[in-house]
Amino acid sequence: MISEIVIVKHPVPAAWVPKNYTLTLSVQALGTGPLSYRWFQSQDEVPGGTNADLVVKAQHSQWYVCRVNDQHCNSVFSNWVKVTVCDISKPHTKPPGRWEGEPHIAVNPTSQAVQRGDRVTLQCSAFGIPAPRFQWYRNGLPLPTKNKETLQIEKVDGDHEGCYLCSVSNTLGEKWTEPAEISIVKKLTATDKVALLIGNLNYAHHPALMAPMMDVHELANLLRQLGFRVVSLLDLTKAEMLSAIDAFLQLLDRGVYALFYYAGHGYECSGRNYLVPIDAPQPYRPENCVSVQSVMRHMQERLTALNVILLDTCRKWYNQHCALSEVRSLAPLGNTVYGYATCEDAEAFEVQDGERSSGIFTKYLNKHILRPEKITHVLEQVSEDLGRDPLVTGKQVVEIRHTLKDPRTLADPVRTTGHTTELRVRDMCWRGANELPERRTLVFPCGAEVELSFSALFSNVVIIFASVKATGRGVQDCSLSLRSNPVMEDVFSNAGCLDRIDSLLLSDTSNPDCSLRLCGLQKLQKSLVMEVDLHYTQADSKARLKESRQQDVGKPLVARCELHRRTHAAEPAGPARGERRDGGPFQSMDQKASYRQPPRHPLGRPCRPSTRKAENAWKRVSAASKNPSPRSNEPEENDENEILGCPT
């Protein structure tokens, strides 16, 4: 005869049941006389829970227990059982309609590419009644003690690489997760980072632009924050563009991250992109411009780790009566990224908002470029933001092309181990292009002292400040004027440019007595001499007098690179197959290209977009002769007839 209560069947735990799923918890007990039951949820009684079976509609995870009593006031408790509820909304994670408790995997582990020493977590979640058992496997072998829903590896090393699976089973069956790969990736680094930024705005024969000046200035500052050595140049002729690109290419080597940015007029012809220099004639032909595909091919030949070309320019098709050049495919090196401001046969726009002008593409590029994400992901964010801008909706869409095989970012660190010699060469050349003269103090016969200081807005634009620091005895009412020898044109003298230039001045040059802005330093072929005129009043005689001093300040900024010595022989009237420019990388350059001050560009109304298209007067051929190249996600072919003449 049974004199005490014995529970012969405890309730079965239910792990990971769907929300609102109805299940039954049961208990079986033996004792003397009739038995009574009372179910508890945590510490509270379950309303109506007075039977051996408890029907539960799972809303959230809870612990349950049942107390069994007999008529002699004896009682005993069952084992605690947990009902775990998973609120998963995705349809494929829910169990089938006639689910009877067999294991159902709701969350599979995901593959991860990590760096050595990282922590890795693999997650497997499953429904099941009774509660499923978990067993993890690596490369087909069970992992002892790894029998929970979560597999965590604190510090990954080579022994942890492989294919992981989890077996989920209960008395009703067994299921396996999808495989998940854990791989260790080598930390991506650059041996160096170099960038060339060119902005053309003051065109001799085409409409002037407003935005490239600010766009180049802001992008240069952001790239320096990312560790790039940056040279930024404004208003270049074709010969000067090719010379600057040649100098840029010589700094590229194995492992270097290279970035080339251009803002200005441009166009596309027969699938090839061209950049329009400021001296391009009207009408222009491909031989008057710079081939983007040629630049890219030469960048690839340097075996760099990453090549990025960003073009904030139009890509309108011009079907001209001109000979088409041979093309050759780019090498499949998996390191190239193109970011176009707009798609084929479309224009790129710049917008003026009050006193600020910017290209729409570069505006959003500068917003995202500091993100430590794969460069293609950064450009995708730029594309999404531009696509939501109502000013260019239906007019401009970013196009991204790449062959990137590694998740490289512009924020990757520079690691120079084993590359110190090449780094010293790059450092010496690139530093020279951004090196300013030191402050100078000039002492005049009257005893006055004048300080000259220098500020770089771009690598080919310098501002010289002159300030009176001390006056001699009897010297009053001093004023200064500055001149340069040779005389250098200020191409930013129109009112709109002056406002934007003034906004770029550095705060540490506050309140100078005189300043002079010199542009086009790439044209400088000899040392720059500053002529300072001091005008003052002699206290005793009240006479207004003038004294002058000269100061040789050498070759500032990009003038040190002597781009004028990099020769490119005059182009033939039309492209000729296989023909190269003569001359080595440091020979004299033909500078016969004319330049004239363009008319002032109208400012227009705030936030009114204007195009970056240079109009071309060449007669259009019939639609039947158009031959657009197919779109793809690969960088375009190279123009074999646009040879840069640089060492490879």
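This briefing walks through the fold, packing, salt bridges and backbone details of the chain shown above. The model is a predicted one. Its chain contains 7 helices and 41 strands, and 52% of its 648 residues are buried. Among contacts with a separation of 6 or more, 74% link residues that are 24 or more positions apart.

**Strands and their pairing**

- Strand β3 (residues 22–26) pairs with β7 in the antiparallel sense, with 5 bridges between the two. One of these pairings puts S26 opposite D53 of β7 as its bridge partner.
- In a regular strand, side chains alternate between the two faces of the sheet. Strand β7 (residues 53–57) shows this alternation: L54 and V56 point to one face and are buried, whereas D53, V55 and K57 point to the other face and are not buried.
- Further along, strand β18 (residues 162–170) and strand β19 (residues 173–176) run antiparallel and are joined by 4 bridges. The link from β18 to β19 is a hairpin of 2 residues, and S167 has W176 in β19 as its bridge partner.

**Helices**

- Helix α1 covers residues 212–225, which is 14 residues. From first to last C-alpha it reaches 20 Å, close to the 20 Å expected at 1.5 Å a residue.
- How much of α1 is covered? Mostly covered is the description that fits, as 10 of its 14 residues are buried. The buried residues are P212, M213, M214, D215, V216, H217, L219, A220, L222 and L223.
- Just after α1 comes G227, which has a positive phi of about 90 degrees.
- Helix α3 (residues 292–301) contains H298, and H298 counts as buried because its relative accessibility is 3%, under the 20% cut-off. The C-alpha atoms of H298 and L249 are 7.2 Å apart, although the two residues are 49 positions apart in sequence.

**Surface**

- The chain exposes about 29,900 Å², and carbon and sulfur atoms supply 49% of that area.
- V6, V8 and L30 make a nonpolar surface patch of about 230 Å². Of these, L30 belongs to strand β4 (residues 28–30) and is partly exposed, with a relative accessible area of 45%.

**Salt bridges**

- Side chains of opposite charge can pair when their charged atoms come close. The structure has 20 salt bridges.
- R229 and D192 form one of them through their side chains, at 2.9 Å from N to O. R229 sits in strand β22 (residues 229–234) and D192 in strand β21 (residues 192–199), so this pair ties together parts that are 37 residues apart in sequence. D192 is buried, with a relative accessible area of 2%.
- E451 and K469 also meet in a salt bridge, at 3.9 Å from N to O. Because E451 is in strand β34 (residues 449–458) and K469 is in strand β35 (residues 461–470), the pair ties together parts that are 18 residues apart in sequence.
- Which end of the E451 and K469 pair is buried, and which is exposed? E451 is buried at 17% relative accessible area, while K469 is exposed at 52%.
- Salt bridges that share partners also join E268, R315, E344, E399 and R401 into one network. Within it, E399 and R401 form a salt bridge whose closest N and O atoms are 2.6 Å apart, and both E399 and R401 are buried.

**Backbone details to look at**

- Most residues other than glycine have a negative phi, and most peptide bonds are trans. The items below depart from that pattern.
- The peptide bond from I129 to P130 is cis, with omega near 5 degrees. P130 is in the loop between β14 (125–127) and β15 (133–138).
- The bond from Q282 to P283 is cis too, with omega near 5 degrees, and P283 lies in the loop between β25 (272–275) and β26 (290–291).
- S42 is not a glycine, yet it has a positive phi of about 55 degrees. S42 is located in the loop between β5 (36–41) and β6 (44–45) and is partly exposed, with a relative accessible area of 31%.
- T145, another residue other than glycine, has a positive phi near 70 degrees. T145 falls in the loop between β16 (141–142) and β17 (150–153), and at 65% relative accessibility T145 counts as exposed.

Technical notes: Residues are numbered from 1 along each chain as its sequence is written. This is a predicted model: local features need pLDDT of at least 70, side-chain atom pairs count only at pLDDT 80 or more; totals for chains, interfaces and linings use all residues. Side-chain values use heavy atoms; hydrogens and water are left out. Two strands pair if DSSP finds at least two bridges between them. The expected span of a helix is 1.5 Å times one less than its number of residues. Buried means under 20% relative accessible area, exposed over 50%, partly exposed in between (1.4 Å probe, protein chains only). Contact means heavy atoms within 4.5 Å. Accessible areas come from the Shrake-Rupley method with a 1.4 Å probe; for residues, only the protein chains shown count as cover. Patches are made of residues with over 30% relative accessible area and no salt bridge: like charges are joined within 9 Å, nonpolar side chains (Val, Leu, Ile, Met, Phe, Trp, Tyr) within 5 Å. A salt bridge is a side-chain nitrogen of Lys or Arg within 4 Å of a carboxyl oxygen of Asp or Glu.
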